[in-house]
Amino acid sequence: MRSTVDILGVNVDFVTMNQALENIKVFLSEDKIHVIYTPNSEIMMDAQKYPALKDLLNRADMLTADGAGVVLASKILKTALPEKVSGFDLVKNSFSINFEKKPTYFFFGSKIGVAETAKSNVEKEFPGIVVKGCRDGFFSDAEEPEIINQINSSGADILLVALGAPKQEKWISANRNNLKVKICIGVGGTLDVLAGFQTLAPDFFRRHGLEWFYRLTKEPGRLIRMLKLPKFIIRVIIRRIFK
C-alpha cells in the first residue's frame, strides 16, 4: 500500500532509494503507464503558487524527495521522510539493479547532442543497458506528434524527460495517455550529467544537504531561484505552528 507524506499539500512518497527501485520493478511488470516526478524545494514552492502544478504532482504514481530541503520540511512537520531520493540517483541506480529482464530507455530533452552522448556513456558504463532512442528538447508544438511517435515506435520501457521543471512535468502530464512506455520520469539535468557536460556536487556537499550552496558558488546567477528554498522552509514552519 502506498504511503505518502503531506508537505504543503504535495504528497511525497515515504520511500528509501531501495523501495523506490522496487516500485520501478513493479511498474515495469504492469501493463500501463506510470509517472514518476522528483520535486525539489523550488518545485514544491512553485506548487504553492500554482494549484494546477500541485494537482499535477499529486497525480504521479511516485513522487520522491529530490533535495535536502524537502526532507528537512518533512522533519519540521514531524513526518520525516526516510531519505533523499534524487532523480539523478534514482535513474543511475535503475541502470544497476537486478532485473529479470533489463528495461530499455529513451532519452528525451536537453540540448542538441546531449542525449546521444549520454546514451553512449551509459551503454559503455552499464553493460546490458540499451537506450533505444534519443531526442533533444528543442521542438515546436507542431512537432509533438512526431516526437511521441518516435518514442512509441522505439519500444522503450522507460522514458527519461529532461526538459527542466516544471516544463517536463507538464509535458508528461499532457501526453501521458498518448505514450506507450511503462514509465515516464522527469529528470531535470540528469542527461547533462550522464553526458559529462555538468558535474554533480562533491560527495561532502551531497551528504550534508549543501548541494544548493555548491551550485550557487558555480552559478551565482541562480541566486534568485535559490531564494525559493528559505521561503519554502519558512512556509513549512508556519504550517507546523498553525496546523
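Is Lys-92 buried, exposed or partly exposed, and what is its relative accessible area? In this predicted model, Lys-92 is partly exposed because its relative accessible area is 28%, a value that lies between the limits of 20% for buried and 50% for exposed residues. The residue takes part in a salt bridge with Glu-125, in which the closest N and O atoms are 3.7 Å apart. Two helices are linked by this pair: Lys-92 belongs to helix H5 (residues 87-94) and Glu-125 to helix H6 (residues 114-125), with the two positions 33 residues apart in the numbering. Glu-125 is likewise partly exposed, its relative accessible area being 48%.

The overall dimensions of the chain were examined next. The radius of gyration is 17 Å, which agrees with the value near 18 Å for a compact globule of 243 residues. The C-alpha trace spans about 50 × 40 × 40 Å along its principal axes. Of the 243 residues, 48% are buried. Among contacts with a separation of 6 or more, 74% are between residues 24 or more positions apart. The chain exposes about 12,200 Å², and 54% of this area is supplied by carbon and sulfur atoms.

The secondary structure consists of 13 helices and eight strands. Strands of a sheet pair through backbone hydrogen bonds, in either the parallel or the antiparallel sense. Both senses occur in this chain, as strands S1 and S2 are antiparallel and strands S7 and S8 are parallel. Strand S1 (residues 4-7) is joined to strand S2 (residues 10-13) over four bridges, and Val-5 has Val-12 in S2 as its bridge partner. In the hairpin formed by S1 and S2, two residues lie between the strands, and Leu-8 adopts a positive phi near 55 degrees.

Six further strands form an open sheet with parallel pairing, in the order S4-S3-S8-S7-S5-S6. Its edges are strand S4 (62-63) and strand S6 (130-135), each of which pairs on one side only. Within the sheet, strand S7 (residues 158-162) and strand S8 (residues 183-186) are joined by four bridges. Leu-160 stands opposite Ile-185 in S8.

In total, eight salt bridges were identified. One of them connects Asp-61 with Arg-176, whose closest N and O atoms are 2.7 Å apart. This pair links distant parts of the chain, 115 residues apart: Asp-61 lies in the loop between helix H3 (51-58) and S4, whereas Arg-176 lies in the loop between helix H8 (167-175) and S8. Asp-61 is classed as partly exposed because its relative accessible area is 21%.

Another salt bridge joins the side chains of Arg-135 and Asp-136, with an N to O distance of 3.4 Å. Here both partners are buried, since the relative accessible area is 10% for Arg-135 and 18% for Asp-136, and the cut-off for burial is under 20%. Through shared partners, salt bridges join Arg-135, Asp-136 and Glu-143 into one network.

A nonpolar patch is also present on the surface. The patch covers about 530 Å² and is made by Ile-234, Ile-237, Ile-238, Ile-241 and Phe-242. Ile-234, one of these residues, is found in helix H13 (residues 228-242).

How values were computed:
Residues are numbered from 1 along each chain as its sequence is written. This is a predicted model: local features need pLDDT of at least 70, side-chain atom pairs count only at pLDDT 80 or more; totals for chains, interfaces and linings use all residues. Side-chain values use heavy atoms; hydrogens and water are left out. Patches are made of residues with over 30% relative accessible area and no salt bridge: like charges are joined within 9 Å, nonpolar side chains (Val, Leu, Ile, Met, Phe, Trp, Tyr) within 5 Å. Accessible areas come from the Shrake-Rupley method with a 1.4 Å probe; for residues, only the protein chains shown count as cover. A salt bridge is a side-chain nitrogen of Lys or Arg within 4 Å of a carboxyl oxygen of Asp or Glu. Two strands pair if DSSP finds at least two bridges between them. The radius of gyration is taken over C-alpha atoms; the globule rule is 2.2 Å times the number of residues to the power 0.38. Buried means under 20% relative accessible area, exposed over 50%, partly exposed in between (1.4 Å probe, protein chains only). Contact means heavy atoms within 4.5 Å.
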